Amino acid sequence: MENIWKNPISFVIFSIGLFPYLCEAQYPEILWWQDLNAPSFGSAAIGDIDGDDKPEIVFGTYFNDEHIYALNAEDGSPHWSYNTGGCNDASPTIADVDLDGELEVVAPASSPYHVYCFNGTTGDIEWDASTGYPNCIDSPPAVADVDNDGKPEVILGAWYGNVFAFDGEDGSVAWHINLGSNSYIQSGPNILDLNDDGTLDVVVAQWAGDFRVYALKGVDGSTLWYSDVPQDHMYHGGSFADIDEDGKPEIAIGCYDNHVYVFNEDGTLLWDYAESYYVGAPTSIADLNNDNHLEIVFVSYNKLGVLSHMGDSLLWSYYTGGNMFRGAAIADIDGDGILDVAFGSDDGVLRVLRGSDGQVIWAYDLESHYGQTFEMNHAPVIADFNGDGKLDIFIIGGYATSSQPQNNHGRAYALAAGDGTGTGWPMFRHDLRHSACFHGPWPGVDEMRNTKIKRQDYEFLQSYPNPFDQMTEIKFQISISGYTTLKIYNTAGGLVRTLVNESKEKGCYIAQWNRRSDDARKLPAGIYFCQLKTKDFINTKKLIVIGR
């Protein structure tokens with residue numbers, strides 16, 4: 001694996017054959033690249049896995065390469081790697097799955113039928129679990145405490161109808177269910193509280209079989225509901241948010257029957273939208289035009305479209321010269337206050353479009369730079385890679401088949417993307433629960449972020465009492481003065497109460513919440529999320545309200 005990076009005089013050096021070639025960098029600027037023996041399918045994940053205050057990028061590769069790689073995001077140099085001995089189709093995730101205060105990398109290996117949990121610092125295997133032959137894994141793992149034991153589980157699907165929840169501490173099976181052995185669960189699970197009972201649920205979709213969307217109880221995997229509305233394959237899972245603004249979450253999912261479906265929390269159909277070609281890519285959700293409503297981004301083969309939150313209008317669309325099978329990542333890449341849509345295509349071009357109208361901000365022909373076929377079956381991840389305060393983009397492309405893997409090839413690219421300095425898109429489907437929703441916080445997403453919390457600067461303690469009936473106190477500490485917010489959200493992601501919204505001097509503080517909303521309504525029992533946020537810190541804690 002060859003590593004090339006930008007030199008100090010803002011030129012990019014790469015090689016053709018044995019001879020170095022010097023060319024002036026263009027905007028967007030290529031920071032570095034890594035040559036691979038196969039591309040990566042799905043996406044990558046980014047986080048500070050070794051605790052050095054600099055991010056690393058983790059991804060898996062297909063046949064003919066067959067590694068899990070961890071690269072230093074700053075310059076692409078290797079951090080560690082592991083040869084799984086087979087293809088690695090599913091996107092990895094980064095989280096503290098064993099609650100030891102350090103980040104782990106959870107990466108499924110498809111054909112070896114194994115899920116590996118790596119120590120983020122060393123790359124050593126902390127545990128591995130098998131889904132059993134011949135249960136290949138294309139499903140990206142989600143991470144959440146689904147069985148309510150206070151510890152996270154790793155949830156994913158496998159071939160022949162299997163869904164697994166593994167204990168994050170040691171990889172033992174928390175539960176395992178089968179949804180029909182003639183189906184394949186290749187979707188990334190969505191994790192959310194569908195029925196407002198205080199426990200998380202799991203939503204997956206079938207490839208083949210009955211073509212159903214299933215909602216499962218997180219505590220044991222039993223069926224909560226299923227929908228027979230879809231009439232064809234579903235490869236990727238849905239995205240979720242309170243799309244129709246009713247205070248409850250909805251799930252948006254694409255289907256090979258040419259439809260985008262939006263389901264209510266009880267499995268009933270809210271609305272659907274028909275396209276001319278199959279909708280195989282995953283959907284994404286964000287307020288793209290600053291109208292205070294959420295829009296849904298979908299892909300129908302080579303068409304990327306943006307739907308209104310009511311599903312009654314196509315706000316804009318954009319056509320490329322190839323499929324965009326892994327969907328779009330979202331962030332304010334150019335720093336103009338409007339979210340942008342970033343995606344790669346099988347035509348070899350990486351594009352960033354303005355979210356409000358679909359206008360091209362920039363397009364980079366990576367296939368021309370690479371010099372051979374560069375199909376991007378890989379969604380971008382977006383973050384500040386090199387500590388300059390601006391957003392960068394990472395993506396992988398190339399060519400791969402399973403029938404003649406000796407011909408496979410690929411390359412990983414990191415590019416300086418623009419002047420944007422806000423929140424990025426750090427993993428496939430945005431977060432550990434696979435909401436694919438830029439706006440949040442999405443409940444619990446920030447409980448187990450894939451970034452380190454600097455305890456010497458901030459401390460966010462759990463409230464007391466918790467659970468509580470009428471009143472709880474929330475203690476937090478700030479060691480660096482600055483603007484601070486402390487907000488309460490419901491399980492649908494809706495803001496219900498703002499406790500702090502002002503500049504705070506360093507020190508310890510206690511905020512009280514009396515179970516009431518900003519308009520003084522007494523809120524029902526259930527789970528809520530309290531988010532502390534400053535300029536460079538964000539964390540969320542779960543609050544449990546009991547009693548009438």
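This passage describes the nonpolar cores, the cysteines, one open sheet and two loop residues of a predicted model.

The interior of the model is considered before its strands and loops. The largest nonpolar core comprises 40 residues, and those with the most contacts inside it are Leu304, Ile333, Leu366, Ile382 and Ile393. When residues up to four places away in sequence are left out of the count, Ile333 touches Asp340, Ala342, Val352, Trp362, Ile382, Leu391, Ile393, Ala417, Gly418, Asp419 and Gly420. A second core, separate from the one that holds Ile333, has 29 residues, among them Ile94, Ala95, Val115 and Val143. In soluble globular proteins, nonpolar side chains tend to be buried together.

With regard to the cysteines, the structure holds zero disulfides. Two cysteines may be described by their accessibility: Cys255 has a relative accessible area of 0% and is therefore classed as buried, since the cut-off for that class is under 20%. Cys508, with a relative accessible area of 52%, is classed as exposed because its value is over 50%.

Among the strands, four form an open sheet in the order β5-β6-β7-β8, and their pairing is antiparallel. The edges of this sheet are β5, which spans residues 45-47, and β8, which spans residues 78-83, each of them pairing on one side only. On average, and with direction ignored, neighbouring strands of the sheet are turned by 15 degrees against each other. At one edge, β5 pairs with β6 (residues 56-60) in the antiparallel sense over three bridges, and the bridge partner of Ala45 in β6 is Val58.

Two residues in loops complete the description. Tyr256 is found in the loop between β24 (250-254) and β25 (259-263). Although Tyr256 and Gly280 lie 24 residues apart along the chain, their C-alpha atoms are separated by 5.9 Å, and Gly280 is also one of the residues that Tyr256 touches. The other contacts of Tyr256, not counting residues up to four places away in sequence, are with Trp207, Asp232, His233, Tyr278, Val279 and Phe325.

Arg433 is located in the loop between β37 (409-416) and β38 (458-460). Its relative accessible area is 4%, so Arg433 is classed as buried, the cut-off being under 20%. Arg433 and Gly188 are 245 residues apart in sequence, while the distance between them in space, C-alpha to C-alpha, is 9.2 Å.

Key: Residues numbered from 1 in each chain as written. Predicted model: local features only at pLDDT ≥ 70, side-chain atom pairs only at ≥ 80, totals over all residues. Heavy atoms only, no water. Core = buried A, V, L, I, M, F, W, Y, C linked by side-chain atoms within 4.5 Å. Buried < 20%, exposed > 50% of the residue type's maximum accessible area, 1.4 Å probe, protein only. Contact = heavy atoms within 4.5 Å. Disulfide = S-S within 2.5 Å. Pairing = 2+ DSSP bridges. Axes fitted to C-alpha atoms, helices over the stretch in contact; angles between N-to-C directions.
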